[in-house]
Amino acid sequence: MPVTSRVSTVSVHPFQIRAAASQDMDQLCGLASELLANIRAEGTADDARRVFEHIMNSADLGTIVVAETKGALCGYAYASYEWRAEFGGETMDIIALFVSSQWRSKGVGGSLIVALLENAKQRGIRRVSAEVHPGNSAIERTLESSGFDPERRTLWGLQL
């Protein structure tokens, strides 16, 4: 049984957090499309679909959790796994966290982070990181309230 299927369902709020399933794909890609537009990314909903399908079919690559209310998705988080000697083995990188505007400041983002952290603990991961776009104070507050500290590293990139 893949580790992602052990993400427990949480229903303390008017939403529940659970592992993403194939039947969520259209709604999940709709949310990803909103996120990609917000961050002015080059990727499309079709690109997101390819990534999500790849992750869902290869549980050792990462995990996707969703927030659902009344049959509709209101947020998602996606993380990938990477092996790094620097941190003693497998690590988790939170790649995306997105909550629909009407569900922000209602605990959805924090609950998605909690689900990812629980997944990390189940896998024996001791290091979780998240990259934040400059000026995204909402995610910074969510991460800080979940115990994350900012690191002083510079991310470099090359578009090929």
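Accessible areas here come from the Shrake-Rupley method with a 1.4 Å probe.

**Figure 1. The whole chain and its surface, in a predicted model.** With that probe, the protein shows about 9,700 Å² of accessible surface. Carbon and sulfur atoms account for 50% of that surface. As for what is tucked away, 42% of the 160 residues count as buried. Lined up along the principal axes, the C-alpha atoms fill a box of roughly 40 × 35 × 30 Å.

**Figure 2. Helices and strands, end to end.** You can pick out 4 helices and 5 strands in this protein. Starting at the N terminus, the order is β-α-α-β-β-β-α-β-α. The radius of gyration is 15 Å, close to the 15 Å that the globule rule gives for 160 residues, so the protein is as compact as a globular protein of that length. Now for who touches whom along the chain: take the contacts between residues at least 6 apart in sequence, and 59% of them join residues at least 24 apart.

**Figure 3. The charged side chains.** How many side chains carry each sign? There are 16 positive and 19 negative ones. Work out the centre of each set, and the two centres sit 5 Å apart.

**Figure 4. A close look at serine 80.** This serine belongs to strand 3, which covers residues 72-84. Is serine 80 buried or exposed? Its relative accessibility is 15%, and because buried means under 20%, serine 80 counts as buried. Leaving aside residues up to four places away in sequence, serine 80 touches Leu61 and Gly62, plus Thr91, Met92, Asp93 and Ile95.

**Figure 5. Cysteine 29, with no partner in reach.** If you're hunting for disulfides, a search of the whole structure turns up 0. Why is cysteine 29 unpaired? The closest cysteine sulfur belongs to cysteine 74 and is 17 Å from the sulfur of cysteine 29, so it is too far for a bond. For scale, a disulfide needs the two sulfur atoms within 2.5 Å. Cysteine 29 is also buried, and its relative accessible area is just 4%.

**Figure 6. Cysteine 74, seen from the other end of that gap.** Cysteine 74 takes part in no disulfide either. Its nearest cysteine sulfur is the one in cysteine 29, 17 Å away. And what of the cover around cysteine 74: is this residue buried or exposed? With 2% relative accessibility, cysteine 74 counts as buried.

Conventions
Residues numbered from 1 in each chain as written. Predicted model: local features only at pLDDT ≥ 70, side-chain atom pairs only at ≥ 80, totals over all residues. Heavy atoms only, no water. Helix = DSSP H or I, 4+ residues; strand = E, 2+ residues; numbered from the N terminus. Rg over C-alpha atoms; globule rule 2.2 N^0.38 Å. Buried < 20%, exposed > 50% of the residue type's maximum accessible area, 1.4 Å probe, protein only. Contact = heavy atoms within 4.5 Å. Lys, Arg positive; Asp, Glu negative; His and termini not counted. Charge placed at Lys NZ, Arg CZ, Asp CG, Glu CD.
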